[in-house]
Amino acid sequence: MKTSTRVVVIGGGVVGCSVLYHLTKLGWSDVMLLERSELTSGSTWHAAGGFHTLNGDTNMAALQGYTIRLYKELEELTGMSCGLHHVGGVTLADNRDRFDMMLAERAKHRYMGLDTHIVTPEEIREIAPVTNIDGIIGGLYDPLDGHLDPSGTTHAYAKAARMGGAQIETHCMVQETNQRPDGTWDVVTDKGTIHTEHVVNAGGLWAREVGAMAGVYLPLHPMEHQYIVTDETPEIYERDSEHPHVMDPAGESYLRQEGRGLCIGFYEQPCKPWAVDGTPWDFGHELLPDDLDKIEASIEFAYRRFPVLERAGVKSVIHGPFTFAPDGNPLVGPIPGLRGYWSACGVMAGFSQGGGVGLMLAQWMTEGECERDVTAMDVARFGDWISPGYTRPKVIENYQKRFSVSYPNEELPAARPFRQTPMYDVFDDMGAVWGAQYGLEVVNYFAEEHEPRFETPSFRRSNAWEATAREVKAVREGVGINEVHNFGKYLVSGTGARDWLDRIMAGRIPKPGRLSLTPMLSPKGRLWGDFTVSCLNDETFQLTASYGAQAFHMRWFAQNEAAGVRVENISDRLNGFQIAGPKARDVLTACTRDRLADMKFMDIRPAVLGMVDCLIQRVSYTGDLGYEIYCDPMAQRALWDVLWSEGQNHGMKPFGMRAMMSLRLDRFFGAWLREFSPDYTAAETGMDRFIAWKKNTDFIGRAAAEAERAQGAARTLVAFEVEAEDADVNAYEPVWIEGEVHGFCTSGGYSHHAGKSIALALIPTERARGGLTAEIEILGHRRAARLITEPLFDADGARMRG
């Protein structure tokens with residue numbers, strides 16, 4: 001066995017083997033994989049082996065499509081069979097909400113190039129004749145769905161990796177992972193120690209234990225999962241072709257052909273977490289004892305949906321553990337704060353996602369970034385606040401909702417409330433309807449006494465409509481107040497702070513007492529951040545950005561650390577409020593003896609409001625006259641008292657995120673992970689107007705940004721006014737121009753101020769002209785749309801800047 005290598009991959013399941021193969025495919029041949037037992041030990045060997053492209057996140061769906069197409073390439077490369085069965089699959093809808101979800105997914109697939117189809121109950125009867133279509137109103141058919149041989153596929157990955165120069169050591173138990181002072185690693189095994197630059201944790205069921213060796217907590221938990229294989233049944237073996245897959249969300253089940261019989265698995269409600277206190281090291285090619293009692297109700301439902309099952313005998317029961325993250329997506333990428341340590345675990349749907357996970361991680365390692373936005377599976381989407389006590393109930397919830405409708409406005413209740421600001425009880429008493437971001441409770445809107453304290457999940461306009469309209473009106477006509485807790489906040493200080501920021505940020509770094517807006521770019525010119533930079537003095541700067549991107553941003557800052565610069569994450573050490581509206585200045589100046597009336601747009605200034613030392617910023621995401629007011633959280637209640645008390649003289653009302661997202665549409669302001677994400681560039685999204693092209697600094701991403709500037713962006717972010725009915729744009733709806741799809745929506749919603757449905761979209765630059773007529777597909781209907789260029793509120797910026 002080698003004693004040194006560039007990469008050590010720990011874990012020989014399908015994910016570990018995929019990572020190993022893709023590293024060799026991208027040119028890193030000095031790599032090895034360590035497996036404590038045989039390849040496929042763990043979840044891989046007992047997996048049902050199904051694959052599909054359906055996923056609520058479009059990038060995850062695209063990576064699942066890549067994974068499925070990869071299998072034939074693997075077979076051709078290695079000469080080994082993956083046991084592919086491309087039989088197609090249909091997902092059933094038994095109510096309007098499920099059907100709306102399928103309409104929304106089909107719309108996304110149009111511009112993704114996925115050939116899915118909405119089908120009628122009668123077509124479902126033809127596609128999947130064992131299905132009882134009573135109560136079914138339609139479905140979504142995907143010809144790419146199918147299943148494969150888990151063992152054969154994993155060994156094909158392994159052979160392809162070996163062909164590329166990789167080494168695989170089985171029966172090699174990893175005992176320790178120790179980092180040297182230079183950042184490299186010693187991987188201690190029962191066969192000796194290996195020195196390596198990179199460690200990849202692809203430990204699957206043992207990923208928690210492997211992570212703990214490096215002092216890493218990975219938010220994962222195994223769940224027991226059970227499926228049944230039936231005896232031969234004539235409805236199956238007398239067919240001329242293999243029966244397609246059927247996903248029945250109402251019955252929480254998936255069904256496919258297995259030999260001359262059927263296989264059906266369940267995501268039952270009375271589910272059970274497994275190995276709560278850790279996965280035993282001696283667990284391997286075993287199954288868990290049968291537990292048919294917990295799936296009794298699911299089986300009863302399945303007998304009605306697929307009557308053939310009641311006549312088919314049970315051939316075998318497969319009951320084994322699979323590992324889930326709190327939101328069901330994988331945990332992939334570099335661990336924040338730990339050089340050279342990478343995660344490739346939590347890949348519950350390994351045969352749908354394993355290829356895409358391997359490709360993205362290999363790109364990340366060899367090229368420094370991925371070709372697409374992988375936020376949905378980035379291990380940094382969970383911060384250091386997460387704990388096993390939070391992970392377990394969220395994993396159970398995710399398992400139970402595996403086949404549930406996923407609504408764009410849904411707030412899931414498990415493990416909440418968890419993280420709260422000092423304002424939680426005050427806002428709760430005022431009727432707050434809560435959402436959550438990055439574990440933190442955030443007000444979505446305020447319900448009045450006669451209104452329910454719950455927003456109905458829907459693809460259409462929800463019961464938050466009236467409350468949102470009230471709050472928008474309060475801001476535009478008077479003054480509104482909300483917290484600034486859901487901003488990520490960073491303090492950058494030191495003699496080299498300005499030079500460092502000039503290199504990290506593409507935009508202008510302001511002078512003392514001023515702030516600026518700037519994109520942060522990746523080396524390839526993609527958007528890695530949308531920041532406000534405030535200069536407190538020549539050596540001290542405060543940065544604000546998306547709260548949910550804290551770990552992502554801090555990881556990037558650490559990877560680009562410099563002498564003479566200190567970067568601190570102060571997101572939860574600084575809080576306060578935003579006040580906005582035409583009376584905001586009146587409220588602010590009445591709360592202090594400091595001179596603030598003459599603050600110009602994008603000024604920053606310290607002041608004492610009541611008893612509280614504050615930092616005031618003259619800027620507002622509402623697009624109105626507004627101020628962000630920051631203070632010590634310990635003094636936040638005192639700050640609230642003075643602002644709220646004075647605010648009552650001016651009709652002040654609290655407002656939440658639903659109103660905020662409506663208000664920003666009036667000015668066509670983009671949002672992080674909607675208009676601004678690693679999928680897009682500054683030029684495509686209009687963020688290039690904030691790039692300081694003349695500054696004498698080779699900022700990160702400059703070469704790529706300048707090349708795009710010279711060539712021109714192929715697509716451009718625009719705004720459309722949409723003739724919507726009871727549903728507005730959410731994201732990824734296709735834009736039809738002259739009968740063909742020529743773009744997609746990044747986000748949208750209803751402007752309560754203007755009384756119009758608005759969509760923000762990326763379309764070809766040559767078509768981006770005011771007055772362009774188009775159609776935007778919303779829930780299966782093409783709605784007329786017109787491109788607009790003038791903001792719906794304060795078009796000349798007089799109120800915002802005045």
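Which residue forms a salt bridge with Asp378? Here are my notes, with the reminder that this is a predicted model.

1. The partner is Arg555, and the closest N and O atoms of the two are 2.7 Å apart. This pair ties together distant parts of the chain: Arg555 belongs to helix α16 (residues 550-559), while Asp378 sits in the loop between α11 (350-367) and α12 (388-400), 177 residues apart. Neither end shows much surface: Arg555 counts as buried at 6% relative accessibility, and Asp378 counts as buried as well, at 5%.

2. Have a look at Asp502 and Lys695 too, whose side chains meet in a salt bridge (3.1 Å, N to O). Again distant parts of the chain are linked, with Asp502 in helix α15 (residues 497-504) and Lys695 in the loop between α20 (682-685) and α21 (702-711), 193 residues apart. Asp502 has 15% relative accessibility and Lys695 has 13%, and since buried means under 20%, both make the cut.

3. For a local pair, go to helix α9 (residues 296-305), where Glu300 and Arg304 lie four residues apart, about one turn of the helix. Their side chains form a salt bridge at 3.8 Å, N to O. Buried or partly exposed? Glu300 is partly exposed, at 48% relative accessible area, and Arg304 is partly exposed, at 47%.

4. Salt bridges also join up into a network, made of Arg514, Arg595, Asp598, Asp603 and Arg605. Across the whole structure, the search turns up 52 salt bridges, so please don't take my picks as the full list.

5. Now the sheet. Six strands make an open sheet with mixed pairing, and going across you meet β28-β29-β30-β27-β21-β31. The edges are β28 (604-609) and β31 (653-654); each has a single partner strand, so one side of each has no neighbour in the sheet.

6. At the β31 edge, strand β21 (residues 480-483) runs parallel to β31, and two bridges join them. If you want a residue to click on, Ile481 has Pro654 in β31 as its bridge partner.

7. Which helix packs on this sheet? That would be α18 (residues 636-647), which touches β21, β27 (575-580), β28, β29 (612-617), β30 (626-631) and β31. The direction of α18 makes about 20° with that of β27.

Conventions:
Residues are numbered from 1 along each chain as its sequence is written. This is a predicted model: local features need pLDDT of at least 70, side-chain atom pairs count only at pLDDT 80 or more; totals for chains, interfaces and linings use all residues. Side-chain values use heavy atoms; hydrogens and water are left out. Two strands pair if DSSP finds at least two bridges between them. Contact means heavy atoms within 4.5 Å. Axes are lines fitted to C-alpha atoms, for helices over the stretch in contact, and angles run from 0 to 180 degrees between N-to-C directions. A salt bridge is a side-chain nitrogen of Lys or Arg within 4 Å of a carboxyl oxygen of Asp or Glu. Buried means under 20% relative accessible area, exposed over 50%, partly exposed in between (1.4 Å probe, protein chains only).
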